[in-house]
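Work through these exercises with the model open beside you. Try each task before reading its solution.

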Amino acid sequence: MSWTWRFETATGALVDPGEVGGADFSAQGDAESWLGEVWRDLADRGVGQVYLLEDGREVYGPMSLSAAE
């Protein structure tokens, strides 16, 4: 199994994973831990929301990367 993130702007436009450091993960927990570490950097690079994918199938999302006020 391969776990990946799909990155989008806040308006839903796709963001190239290569531009923001996206990666493939062998476990869901690894993918989620990685996102927890880098979400602020992704938001600074224009990513507004993400979807978690397992072998290309959407598991959940969209999940906003906007900081709560």
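**Exercise 1. The order of elements**

In what order do the elements of the chain run from the N terminus on?

Solution. The model is a predicted one. Start by counting: the chain has two helices and four strands. Then read along from the N terminus: the order is β-β-α-α-β-β. The helices thus named can be placed: helix 1 spans 17–20, and helix 2 spans 28–44. Two of the strands can be placed as well: strand 1 covers 3–8 and strand 3 covers 49–54. Strand 4 takes in residues 57–64.

**Exercise 2. Overall dimensions**

Compare the radius of gyration of the chain with that of a compact globule.

Solution. Take the length first: the chain has 69 residues. A compact globule with 69 residues would have a radius of gyration near 11 Å. The chain has 11 Å, so the two agree. Next, look at the box: along the principal axes, the C-alpha atoms fill roughly 35 × 20 × 20 Å. Now consider contacts with a separation of 6 or more: residues 24 or more positions apart account for 53% of them.

**Exercise 3. Surface and charge**

State how much of the chain is buried, then describe its surface and its charges.

Solution. Of the 69 residues, 30% count as buried. The accessible surface comes to about 4200 Å². Carbon and sulfur atoms make up 48% of that surface. For charge, the chain has 4 positive and 13 negative charges. Their mean positions lie 2 Å apart.

**Exercise 4. The nonpolar core**

Which residues of the largest nonpolar core touch the most other members?

Solution. The core has 14 residues. Those touching the most other members are Trp5, Phe7, Trp34, Leu42, Val47 and Val50. Now ask where the core comes from: strand 1, helix 2 and strand 3 each supply at least two residues. Helix 2 gives the largest share, four residues. A general tendency fits here: in soluble globular proteins, nonpolar side chains tend to be buried together.

Take Trp34 as a case. Set aside its neighbours within four places in sequence. Trp34 is then in contact with Trp5, Phe7, Gly21, Gly22, Phe25 and Leu42.

**Exercise 5. Two residues of helix 2**

Are Ala31 and Leu35 buried or exposed?

Solution. Both residues are found in helix 2. The cut-off for buried is under 20% relative accessible area. Ala31 has 0%, so Ala31 is buried. Leu35 has 5%, so Leu35 is buried.

Next, list partners, leaving out residues up to four places away in sequence. Ala31 is in contact with Trp3, Trp5, Phe25 and Leu52. Leu35 touches Trp5, Leu42, Val50 and Met63.

Finish with distances between C-alpha atoms. Ala31 and Trp3 are 28 residues apart in sequence and 6.5 Å apart in space. Leu35 and Ala10 are 25 residues apart in sequence and 17 Å apart in space.

**Exercise 6. Sorting by accessibility**

Sort Thr4, Ala27 and Asp44 into buried, partly exposed and exposed.

Solution. Use two cut-offs: buried is under 20%, exposed is over 50%, and partly exposed lies in between.

- Thr4, in strand 1, has a relative accessible area of 18%, so Thr4 is buried. Beyond its neighbours within four places in sequence, Thr4 is in contact with Ala23, Asp24, Tyr51, Leu52 and Leu53.
- Ala27 lies in the loop between helix 1 and helix 2. With 30%, Ala27 is partly exposed. Ala27 and Arg57 are 30 residues apart in sequence, and their C-alpha atoms are 14 Å apart.
- Asp44 lies in helix 2. At 71% relative accessibility, Asp44 counts as exposed. The C-alpha atoms of Asp44 and Val20 are separated by 9.9 Å.

**Exercise 7. Backbone details**

Where does a cis peptide bond occur, and what is phi of Asp55 near?

Solution. Recall the background: most residues other than glycine have a negative phi, and most peptide bonds are trans. The cis bond joins Gly61 and Pro62, with omega about 0°. Pro62 is found in strand 4. Phi of Asp55 is near 50°, a positive value in a residue other than glycine. Asp55 lies in the loop between strand 3 and strand 4. With a relative accessible area of 52%, Asp55 is exposed.

Terms used. Residues numbered from 1 in each chain as written. Predicted model: local features only at pLDDT ≥ 70, side-chain atom pairs only at ≥ 80, totals over all residues. Heavy atoms only, no water. Rg over C-alpha atoms; globule rule 2.2 N^0.38 Å. Buried < 20%, exposed > 50% of the residue type's maximum accessible area, 1.4 Å probe, protein only. Contact = heavy atoms within 4.5 Å. Areas by Shrake-Rupley, 256 points an atom, 1.4 Å probe, with all protein chains shown as cover. Lys, Arg positive; Asp, Glu negative; His and termini not counted. Charge placed at Lys NZ, Arg CZ, Asp CG, Glu CD. Core = buried A, V, L, I, M, F, W, Y, C linked by side-chain atoms within 4.5 Å.
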